[in-house]
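Let's take a walk through this structure together, one piece of architecture at a time. Keep the 3D view open as you read.

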There are 2 protein chains.
Amino acid sequence: MITILTGGTGGAKFVQGMVKVVDPREVTVIVNTGDDLRWWGLHVSPDVDSVMYALGGQLSQERGWGVEGDTFECLARMKQFGADAWFQLGDRDLATHLRRTELLRNGATLSEATADIAASFGIQSRILPMSDERVETRIVSDSRELSFQEYFVRERWQPPVQGVYFCSADNATPAPGVIDAIEGASAVFVAPSNPITSIGPILAVPGIREALQRTVASVVAISPIIGERAVSGPAAELMKSAGLAVSCEGVAQAFQDFLDVLVIDDADLQRSAEVEALGVQARVAPTMMNSDSEKLALARAAMAAAQPRQPKGAL
Amino acid sequence: MITILTGGTGGAKFVQGMVKVVDPREVTVIVNTGDDLRWWGLHVSPDVDSVMYALGGQLSQERGWGVEGDTFECLARMKQFGADAWFQLGDRDLATHLRRTELLRNGATLSEATADIAASFGIQSRILPMSDERVETRIVSDSRELSFQEYFVRERWQPPVQGVYFCSADNATPAPGVIDAIEGASAVFVAPSNPITSIGPILAVPGIREALQRTVASVVAISPIIGERAVSGPAAELMKSAGLAVSCEGVAQAFQDFLDVLVIDDADLQRSAEVEALGVQARVAPTMMNSDSEKLALARAAMAAAQPRQPKGAL
């Protein structure tokens, strides 16, 4: 059994590769829900959706989000109505949110609703939201505060960021199965997702970080930073705002208390020593995932990096 | 100013013709909402939608409901999820329900939400739901009870009908403007809609029937029955269950207490005397509306039938 902690974009690609090298039924994916939003009255869970679409073989390759080949007829009408339309929902995608919202309204938890929809997509891996409770990633920018999607989509991650916090995280509990999946796995992987706003919310749920420190499984992360730049999205700006170096070393810092191995890009070979100075083993591999074969190769490198754990407490 | 009471299918066609012979800004349409339903968590108002789509020039001619040229991508996914899918919502149509539901959630009344959406469609006539409160048409069939859409769409109006009632009608009030539109009109038209489940719910809202009796406007109905058959839908079965003759005479009976003139089909010329024996004047015209020119001709015939009222109280 292996467990993967992930956000949407890069993480969803990583998960696609992993289920090609491990029996999908042996994989549990713990997904960030700090980006979730109420949109047109529906519960949208962007990272859960990306992972479901990725595992269901229907993630749009071109867009990196939503359903391949989706249409946008409903969205066009919503614009005509003067409704908010900066967050784009395709017509097929919309069904996911309608279904989830209805299941939640009928009393299902987010875990249960996710399992129901994932089963409809024929997904064999287990997808767990980090928590069934609402935890909201908030971006502090100058004198205002933005939700993650307001910051990321509406404002195209242009506003300066002074800080990030996770509203209601202190009172949240991990979704059923999350702690067991971390403690009972033979290896835990932290996908190459934004450490602050994709992995950060997961770690902010009380009990999850402790489980990662405690587990006997090897914990392997893949750096979403190559050189001093993020592969995609605002990870660099957000790491800077959190006082982290924008480099694979910064990623190692962010996860230092529970991380055994960090897979860094070939281009960062010379940074291995800095990572290892933090007590985290460095493994070098090509980390870009522009094709199925690259996803497969990275998954293999990640699996190879997982090895029986040195108790962290002994460091 | 003229006012039209209507349901969806036939009534929507009639309204289309009327706004070609009267300035659309002079037209108020009072619409049945007894068929409204909660579907996928959204507030769907089928007759209001048909009237809006008809007046917005986007009603599907082929289907008689929904938006011309609409796609059904979301519906196909909902089927895949195992969600109820017997009531079909197109992708563009869906935006109407998402928007309405959001406006209602934000505190708008159904009248306000309708006005908002109708304005987005560039509709110049005023569309009023019969009531802002929930009135639900219930069909009694053997040992069970069905909502109108369950009876009409899901069961294709096959179940035997013992009776129809309008749940919560007694406590409902006419939507703002409804009574004034009836009392202040120069003519009131009852569209060729099902007298029991399209016009019936409107008449069940306390105050509306009384306003029709009281108004100085001429009240003109168009018979939805030709010979002994309904032009479309279950009007015949429903009239029978209500103890009415299935004929234009039965339509005159249903509205006898407030109706001045009934426009009956050419084919029913020989039934004029039966209608007039009920104290309702009969006018004969072609009532089928299979083309724009037929809609226009019927609208002209209806307008010609409207004339200064003989006080009903004097009958």
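## A guided walk through the strands and helices

In chain B, strand S6 (residues 136–141) and S8(B) pair in the antiparallel sense over five bridges. One place to see this pairing is B:Thr137, whose bridge partner in S8(B) is B:Phe166. Before going further, please keep in mind that this is a predicted model.

Now widen the view a little. The strands just visited belong to an open sheet of three strands in chain B, ordered S7-S6-S8, with antiparallel pairing. Strand S7 (144–147) and strand S8 (163–167) of chain B each have a single partner strand, so they stand at the edges and one side of each is left without a neighbour in the sheet. From one strand to the next, the twist averages 30 degrees.

Turn to chain A for some detail on the strands with these numbers there. Strand S6 (residues 136–141) of chain A runs antiparallel to strand S8 (residues 163–167) of chain A, and five bridges join them. S6(A) also pairs with strand S7 (residues 144–147) of chain A, in the antiparallel sense and over four bridges. A:Val140 is a good residue to click on: its bridge partner in S8(A) is A:Gly163, while in S7(A) it stands opposite A:Glu145. S6(A) and S7(A) form a hairpin with two residues between them. In the turn of that hairpin, A:Asp142 has a positive phi of about 50 degrees.

Chain A also holds an open sheet of seven strands, with parallel pairing. Reading across it, the order is S5-S2-S1-S9-S10-S13-S14. Which strands lie at the edges? They are strand S5 (126–129) and strand S14 (281–285) of chain A, each of which pairs on one side only. The twist in this sheet averages 20 degrees from one strand to the next. Within the sheet, strand S1 (residues 2–6) and strand S2 (residues 27–31) of chain A run parallel and are joined by five bridges. A:Thr6, for instance, stands opposite A:Val31 in S2(A).

A helix comes into the picture here. H1(A) lies across S1, S2 and strand S10 (218–222) of chain A, and runs at about 165 degrees to S1(A). Helix H1 (residues 9–21) of chain A also packs with helix H2 (residues 46–55) of chain A, at an angle of about 30 degrees and with the axes 9 Å apart. Angles under 35 degrees count as roughly parallel, and H1(A) and H2(A) are therefore roughly parallel to each other. Their crossing is right-handed. On the H1(A) side, the residues that meet H2(A) are A:Thr9, A:Ala12, A:Lys13, A:Val15, A:Gln16 and A:Val19. Facing them in H2(A) are A:Ser50, A:Val51, A:Ala54 and A:Leu55. By class, this contact has six nonpolar, three polar and one charged residues.

Next, look at how the two chains meet. The contact takes 22 residues from chain A and 22 residues from chain B. Helix H3 (73–80), helix H4 (91–105) and helix H5 (110–120) of chain A each supply at least two residues of the side of chain A that touches chain B. H4(A) gives the most to that side, with nine residues. By class, the side of chain A that touches chain B has nine nonpolar, six polar and seven charged residues.

One helix pair shows the contact in detail. H3(A) and helix H4 (residues 91–105) of chain B pack at an angle of about 45 degrees, with their axes 7 Å apart. H3(A) and H4(B) are therefore oblique to each other, and their crossing is right-handed. From H3(A) come A:Glu73, A:Cys74, A:Arg77 and A:Met78, which meet B:Asp91, B:Arg92, B:Leu94, B:Ala95, B:Leu98 and B:Arg99 in H4(B). The classes here are five nonpolar, no polar and five charged residues.

To finish, how are the two chains related? A turn of 180 degrees with a shift of 0.0 Å along the axis lays chain A on chain B with an RMSD of 0.0 Å. That is the relation of a two-fold axis. The same surface serves both copies, as 100% of the contact residues of chain A recur in chain B. Which residue of chain A comes closest to the rotation axis? A:Asp91 does, with its C-alpha at 3.1 Å.

Key. Residues numbered from 1 in each chain as written. Chains lettered and ligands numbered in written order. Predicted model: local features only at pLDDT ≥ 70, side-chain atom pairs only at ≥ 80, totals over all residues. Axes fitted to C-alpha atoms, helices over the stretch in contact; angles between N-to-C directions. Parallel < 35°, antiparallel > 145°, perpendicular 65-115°, else oblique. Left-handed = near helix turned anticlockwise from the far one by under 90°. Contact = placed C-beta atoms within 7 Å. Nonpolar A, V, L, I, M, F, W, Y, C, P; charged D, E, K, R; others polar. Least-squares fit on C-alpha atoms with pLDDT ≥ 70 in both. Pairing = 2+ DSSP bridges.
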